[in-house]
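Let's take a walk through this structure together, one region at a time. Keep the model open beside you as you read.

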Amino acid sequence: MTTIVELIEASCAANRNRPALVQKEYGAWKEMEYGHLWEQVEMFAAGLIINGMQPGDRVAIVAPSSTLWVTAYLGILCGGGVVVPVDKELKSAELRHILNDCGALFV
């Protein structure tokens, strides 16, 4: 069986030098190539694992949409974690409730 991580890794390898993501930074559009994206994903996953993430652990993402958000999402999957995307616009009480309820070990 092929996992989503394996599919994304293969896509990044096949399209290494092509733009994967585009984000506006300081008024200019900046591209991130697939090869660079996958390098960032692997580093993010390694950082989680080094800090104690185990397969199946929940990891919450509370951040605006960005290339870093995508990197974090894929890095969590790559490391074997379960992604808990949380709306950054929630009020503090709602955010606290969701983070306490979801069982995330990392945010």
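A good place to begin is Trp69, which counts as partly exposed because its relative accessibility is 23%, and the cut-off for a buried residue is under 20%. Keep in mind as you look that this is a predicted model. Not far along the sequence you will find Tyr73, and with a relative accessibility of 29%, Tyr73 is partly exposed as well. Both Trp69 and Tyr73 belong to helix H3, where they sit four residues apart, about one turn of the helix.

What do these two side chains have to do with one another? The structure holds one aromatic pair. Its members are Trp69 and Tyr73: the ring centres are 5.3 Å apart and the planes meet at 25°, so the pair is stacked. The reasoning rests on the angle, because planes under 30 degrees apart count as stacked.

Stay in helix H3 for a moment, since Thr71 is found there too. Is Thr71 buried or exposed? Its relative accessible area is 4%, so Thr71 is buried. If you set aside residues up to four places away in sequence, Thr71 touches Met32, Leu37, Gln40, Val41 and Phe44.

One of those partners, Phe44, leads us to the next stop. The largest pocket has a volume of about 170 Å³. It is lined by 15 residues, and the ones closest to its centre are Phe44, Ala60, Ile61, Ala72 and Val107. Which elements give two or more residues to this lining? They are helix H2, spanning 34–50, strand S3, spanning 58–62, and helix H3, spanning 67–78. Sorted by class, the lining has 14 nonpolar residues, one polar residue and no charged residues. As for how such spaces are found, rolling a probe the size of a water molecule over the atoms shows where empty space is left.

Helix H2 also carries Glu42, a residue that takes us to another part of the chain. Glu42 has a relative accessibility of 39%, so it counts as partly exposed. Now look for Glu9, which is placed in helix H1, residues 4–14. At 37% relative accessible area, Glu9 is partly exposed too. Although Glu9 and Glu42 are 33 residues apart along the chain, their C-alpha atoms are separated by 9.8 Å. Leaving out neighbours within four places in sequence, Glu9 is in contact with Trp38 and Glu42.

Now try a pair with another spacing. Glu42 and Gly27 are 15 residues apart in sequence, and their C-alpha atoms lie 28 Å apart in space. Beside Gly27 in the numbering is Tyr26, which is placed in the loop between strand S1 (19–25) and strand S2 (28–33). Tyr26 has a relative accessible area of 86%, so it is exposed. Its backbone deserves a look as well: phi of Tyr26 is near 55°, a positive value in a residue other than glycine.

With these local stops in mind, step back to the whole chain. How many helices and strands does the chain have? There are four helices and five strands, and from the N terminus on they run α-β-β-α-β-α-β-α-β. The C-alpha atoms fill a box of roughly 45 × 40 × 25 Å along the principal axes. Of the 107 residues in the chain, 28% are buried, and Thr71 is one residue that counts as buried. The chain exposes about 7,100 Å², with carbon and sulfur atoms supplying 55% of that area.

One last view concerns how the sequence is brought together. Among contacts between residues at least 6 apart in sequence, 59% join residues at least 24 apart. You have already met an example in Glu9 and Glu42, which are 33 residues apart along the chain and in contact with each other.

Terms used:
Residues numbered from 1 in each chain as written. Predicted model: local features only at pLDDT ≥ 70, side-chain atom pairs only at ≥ 80, totals over all residues. Heavy atoms only, no water. 1 Å grid on protein atoms, 1.4 Å probe; cavity = no way out; pocket = protein on both sides within 12 Å on 5 of 7 lines; lining within 4 Å. Points joined across faces, edges and corners; volume = space filled by probe spheres on them. Nonpolar A, V, L, I, M, F, W, Y, C, P; charged D, E, K, R; others polar. Buried < 20%, exposed > 50% of the residue type's maximum accessible area, 1.4 Å probe, protein only. Contact = heavy atoms within 4.5 Å. Areas by Shrake-Rupley, 256 points an atom, 1.4 Å probe, with all protein chains shown as cover. Phe/Tyr/Trp six-rings, centres within 6.5 Å; stacked < 30°, edge-to-face > 60°.
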